[in-house]
Structures are given as C-alpha cells and as structure tokens.
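Please find below a short note on the structure, set out as numbered points. Each point may be read beside the sequence and the 3D view.

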Amino acid sequence: MIALRPNRIFIATALTDMRKSFDTLALIVQADLKRDPLSGDAYVFLGRRRNRLKVLWWEESGYWLCAKRLERGTFRSPASWDDPA
C-alpha cells in the first residue's frame with residue numbers, strides 16, 4: 001500500500017489542459033497559485049470537460065502525479081470555476 005500524506009491540499013480554480021505533466025503543472029503552481037510545488041502540499045487540477053482530474057504532489061524522492069478519468073458523469077466543482085464553453 002502507498003500512503004500519500006501531503007501537508008495541505010490546494011485546488012486550482014482555473015480549468016487545466018489535462019495533457020500537461022509534471023513540470024508544466026509545477027509551473028502553474030508557481031506562476032498562477034503563487035505556491036512552492038516542492039512544499040509537500042498536493043495540488044488538484046480539473047480538466048475542461050470535468051471528467052479528468054490530476055493531483056501533483058512532491059515528496060522527498062520526487063513528484064507524484066495521480067490521474068483519474070471518469071467513464072460517466074463529471075466531477076463536481078466549486079462555483080468559482082469557469083464554465084467550459
């Protein structure tokens with residue numbers, strides 16, 4: 001079993017291109033969220049169609065990038081997230 005224990009969890013409010021990977025998501029954390037991606041906090045990103053989600057988290061040996069794709073339905077999102085047009 002793998003136990004992920006981030007310090008805190010932050011949710012990006014802007015919808016994200018799910019083709020992005022480790023380094024590009026870390027740049028979003030720095031530039032848009034004004035946070036340190038190496039802090040041990042987890043960062044959650046939601047795709048435009050809201051059926052994909054990624055979590056970026058740093059632990060002492062490197063980044064974790066976890067992804068989830070829903071086959072049906074969408075993730076519920078805070079009201080402040082943009083509408084996918």
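1. Read from the N terminus, the elements of the chain follow the order β-α-β-β-β. This amounts to one helix and four strands. The student should keep in mind that the model is a predicted one.

2. The chain has 85 residues, of which 29% count as buried. Its exposed surface comes to about 6100 Å², and carbon and sulfur atoms supply 50% of that area.

3. Contacts that link distant parts of the sequence deserve attention. Where the two residues in contact are at least 6 apart in sequence, 55% of the contacts join residues at least 24 apart.

4. The largest nonpolar core consists of nine residues: A12, M18, L25, A26, I28, V29, Y43, F45 and L56. Two elements, helix 1 (22–31) and strand 2 (42–46), each give two or more residues to this core. Helix 1 provides the largest share, with four residues.

5. M18 merits a separate remark, as a member of the largest nonpolar core. Leaving aside residues up to four places away in sequence, M18 touches F45, L46, G47, R52, L53 and K54. M18 also belongs to the lining of the largest pocket.

6. The largest pocket holds about 160 Å³ of space. Besides M18, its lining includes T16, D17, R19, G47, R48, R49, N51 and R52. What is the character of the residues in this lining? Five are charged, three are polar and one is nonpolar. Among the lining residues, G47 and R52 are also touched by M18.

Methods: Residues numbered from 1 in each chain as written. Predicted model: local features only at pLDDT ≥ 70, side-chain atom pairs only at ≥ 80, totals over all residues. Heavy atoms only, no water. Buried < 20%, exposed > 50% of the residue type's maximum accessible area, 1.4 Å probe, protein only. Contact = heavy atoms within 4.5 Å. Areas by Shrake-Rupley, 256 points an atom, 1.4 Å probe, with all protein chains shown as cover. Core = buried A, V, L, I, M, F, W, Y, C linked by side-chain atoms within 4.5 Å. 1 Å grid on protein atoms, 1.4 Å probe; cavity = no way out; pocket = protein on both sides within 12 Å on 5 of 7 lines; lining within 4 Å. Points joined across faces, edges and corners; volume = space filled by probe spheres on them. Nonpolar A, V, L, I, M, F, W, Y, C, P; charged D, E, K, R; others polar.
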